[in-house]
Amino acid sequence: MHYHPHTVQARADTALGPVRLAASPTGLCGIWFEGQRHEPSQQLYGSAAWAEAHSHPLLQAASGQLQQYLRGERDGFDLPLDLSGGTLFQQAVWQALLAIGRGATRTYGELSQHLGRPRAVRAVGAAVGRNPLSVVVPCHRVLGADGSLTGYAGGIDRKAALLALENAL
């Protein structure tokens with residue numbers, strides 16, 4: 001993943017655990033549960049960590065909307081997104097995730113069919129797993145071929161909690 005050099009971050013506590021939020025000059029570019037698989041650890045915690053910007057308007061809006069969503073007070077998000085850190089294929093997958101409405105689910109196979117890449121199920125799964133915007137880009141709505149809860153970088157317990165919140169289970 002490649003992020004804009006002027007990306008900033010903030011930390012927020014949520015009902016599902018602490019998250020790190022990141023914003024580039026063009027939009028929200030990351031929400032990761034702390035310790036999540038595929039989080040950009042060096043940019044979040046390392047010596048090259050992005051600057052903390054707790055009063056950043058977009059990070060504050062994203063934190064507030066995320067809190068409201070997790071309390072069941074909001075059905076979706078109204079935030080500018082920056083998905084440019086991924087490859088063109090990843091960006092296409094993440095855009096397809098945005099089309100899966102609250103309360104709905106898709107399998108990895110259905111998602112690859114939707115993208116016109118029916119034989120790319122594993123590549124689609126890898127792109128879903130690298131989604132940098134947990135919850136906002138709803139990768140938790142993608143299920144295994146048999147409808148099972150599989151592969152959520154933030155943890156299966158969180159995936160189950162999000163789907164239960166959305167009445168999708």
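This is a short tutorial dialogue on reading packing and backbone features in a predicted model.

Me: Start with the interior. Which residues have the most contacts inside the largest nonpolar core?

Reply: The general idea comes first. In soluble globular proteins, nonpolar side chains tend to be buried together. Here the largest nonpolar core has 37 residues. Leu28, Ile31, Leu59, Leu97, Leu111 and Val128 have the most contacts inside it.

Me: Which elements each supply at least two residues of this core?

Reply: Three strands do: β1 (8-12), β2 (19-24) and β3 (27-33). So do the helices α2, α3 (88-98), α4 and α5 (121-129). The largest share comes from α2, with 6 residues. Another core lies apart from this one. That core has 6 residues, among them Tyr3, Ala22, Leu44 and Trp50.

Me: Take one core residue. What is Leu111 in contact with, leaving aside its neighbours within four places in sequence?

Reply: Leu111 is in contact with Val93, Ala96, Leu97 and Ile100. Val124, Val128 and Val142 are also on its contact list.

Me: Now helix pairs. How is the packing of two helices described?

Reply: Two packed helices are described by the angle between their axes and the distance between the axes. Apply that to α3 and α5. Their axes come within 9 Å and cross at roughly 75 degrees. An angle of 65 to 115 degrees counts as roughly perpendicular. The two helices are therefore roughly perpendicular to each other.

Me: Which residues make the contact between α3 and α5?

Reply: From α3 come Phe89, Gln90, Val93, Trp94 and Leu97. From α5 come Ala123, Val124, Ala127 and Val128. By type, the contact residues divide into 8 nonpolar, 1 polar and no charged.

Me: How do I read the faces of a helix? Which residues of α5 are buried?

Reply: Start from helix geometry. An α-helix has 3.6 residues a turn, so residues three or four places apart point the same way. In α5, Val124, Ala127 and Val128 are buried. Seen down the axis of α5, these buried residues fall within an arc of 100 degrees, so they line one face of the helix. Their cover includes α3, α4 and β6.

Me: And α6? Which of its residues are buried?

Reply: α6 spans residues 156-165, and Lys159, Leu162 and Leu163 are its buried residues. Viewed down the axis of α6, they fall within an arc of 95 degrees, so they line one face of the helix. They pack against α2 (57-70), α4 (108-114) and β6 (142-143). After α6 comes Asn167, whose phi is positive, near 55 degrees.

Me: On to single positions. Is Gly30 buried or exposed?

Reply: The cut-off for buried is under 20% relative accessible area. Gly30 lies in strand β3. At 0% relative accessibility, Gly30 counts as buried. Not counting residues up to four places away in sequence, Gly30 touches Arg20, Leu21, Ala22, Pro132 and Leu133. Pro40 is 10 residues from Gly30 along the chain, and their C-alpha atoms are separated by 9.3 Å.

Me: Where does Thr107 lie, and what is Thr107 in contact with beyond its neighbours within four places in sequence?

Reply: Thr107 lies in strand β5 (residues 106-107). Its relative accessibility is 17%, so Thr107 counts as buried. Thr107 is in contact with Val142, Leu143, Gly144 and Ala145, leaving aside neighbours within four places in sequence.

Me: Try a loop residue. Is Ala53 buried or exposed?

Reply: Ala53 lies in the loop between β4 (51-52) and α2. Ala53 is buried, with a relative accessible area of 16%. Leaving aside its neighbours within four places in sequence, Ala53 is in contact with Val8, Gln9, Ala10 and Leu59. His2 is 51 residues from Ala53 along the chain, and their C-alpha atoms are separated by 20 Å.

Me: Last, the backbone. Where is His38, and where is Val135?

Reply: His38 is in the loop between β3 and α1 (41-44). Val135 is in the loop between α5 and β6. Phi of His38 is near 70 degrees, a positive value in a residue other than glycine. Phi of Val135 is also positive, near 70 degrees. Now check exposure. His38 is partly exposed, with a relative accessible area of 37%. Val135 is buried, at 2%.

Methods:
Residues numbered from 1 in each chain as written. Predicted model: local features only at pLDDT ≥ 70, side-chain atom pairs only at ≥ 80, totals over all residues. Heavy atoms only, no water. Buried < 20%, exposed > 50% of the residue type's maximum accessible area, 1.4 Å probe, protein only. Helix = DSSP H or I, 4+ residues; strand = E, 2+ residues; numbered from the N terminus. Arc of directions from axis to C-beta. Contact = heavy atoms within 4.5 Å. Core = buried A, V, L, I, M, F, W, Y, C linked by side-chain atoms within 4.5 Å. Axes fitted to C-alpha atoms, helices over the stretch in contact; angles between N-to-C directions. Parallel < 35°, antiparallel > 145°, perpendicular 65-115°, else oblique. Nonpolar A, V, L, I, M, F, W, Y, C, P; charged D, E, K, R; others polar.
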